[in-house]
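Please work through the following exercises on residue environments, then compare your reasoning with the solutions.

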Amino acid sequence: MSESKYTRKRFLKTSALGIAAVFFGSSFTQTFDFSDKPYFKLKPIGRSLELEGYYIWCSSPIWGEDGKVHLFYSRWKKEKGMGGWLNGSEICRAEADSPFHKFEHKEVILAPRGEGFGMQQPVTIR
């Protein structure tokens with residue numbers, strides 16, 4: 001069995017590659033100025049929708065013709081745990097005057113399908 005030794009020469013080569021990667025990586029990002037791109041100036045606005053007793057997932061906001069922001073999202077009861085989305089998830093709609101205002105739940109669009117859905121048995125095709 002041959003044993004691989006970590007020599008001083010190998011250490012210096014590896015260190016030199018690491019230093020070069022840091023140097024060239026930082027000079028690359030300084031070469032290009034992205035400050036005029038608005039998508040690099042995005043900042044999180046925090047939670048604008050929270051519902052007591054529910055997990056909220058996968059929100060999709062759209063501007064409506066009424067000038068309000070309509071937020072479509074998935075929710076399920078916390079009592080079902082994190083796996084509750086499998087058969088307890090429902091699609092809902094909330095609205096706000098803008099993405100920066102608090103959203104208010106308005107309606108359930110699709111109710112949960114209930115037990116028997118979610119993790120189904122595999123189908124064998126012959």
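The exercises below concern a predicted model.

**Exercise 1.** Determine where His70 is located and whether His70 is buried or exposed.

Solution. Begin with the secondary structure: His70 belongs to strand β2, which spans residues 69–77. Next, take the relative accessible area of His70, which is 12%. Buried means under 20%, so His70 is classed as buried.

**Exercise 2.** Identify the side-chain polar contact of His70 with Asp66 and list the residues that His70 touches beyond four places in sequence.

Solution. First, the side chains of His70 and Asp66 form a polar contact at 3.1 Å. Then, leaving out residues up to four places away in sequence, His70 touches Ser60, Pro61, Ile62, Gly64, Arg93, Ala94 and Glu95.

**Exercise 3.** Describe the setting of Ser60, one of the residues that His70 touches.

Solution. Ser60 lies in strand β1, residues 54–63. Its relative accessible area is 40%; this value falls between the 20% and 50% limits, so Ser60 is partly exposed. With residues up to four places away in sequence set aside, Ser60 touches His70, Leu71 and Phe72. Finally, the C-alpha atoms of Ser60 and Tyr73 are 6.3 Å apart, although 13 residues separate the two along the chain.

**Exercise 4.** State how many disulfides a search of the whole structure finds, and classify Cys58 and Cys92 by accessibility.

Solution. The search of the whole structure returns 0 disulfides. For Cys58 the relative accessible area is 57%, and exposed means over 50%, so Cys58 is exposed. For Cys92 the value is 0%, which is under 20%, so Cys92 is buried.

Notes:
Residues are numbered from 1 along each chain as its sequence is written. This is a predicted model: local features need pLDDT of at least 70, side-chain atom pairs count only at pLDDT 80 or more; totals for chains, interfaces and linings use all residues. Side-chain values use heavy atoms; hydrogens and water are left out. Helices (H or I, at least four residues) and strands (E, at least two) are DSSP runs, numbered from the N terminus. Buried means under 20% relative accessible area, exposed over 50%, partly exposed in between (1.4 Å probe, protein chains only). A polar contact is a pair of N or O atoms within 3.5 Å; within protein, one must be able to donate a hydrogen and the other to accept it, and residues adjacent in sequence count only if both atoms are side-chain atoms. Contact means heavy atoms within 4.5 Å. A disulfide is a pair of cysteine sulfur atoms within 2.5 Å.
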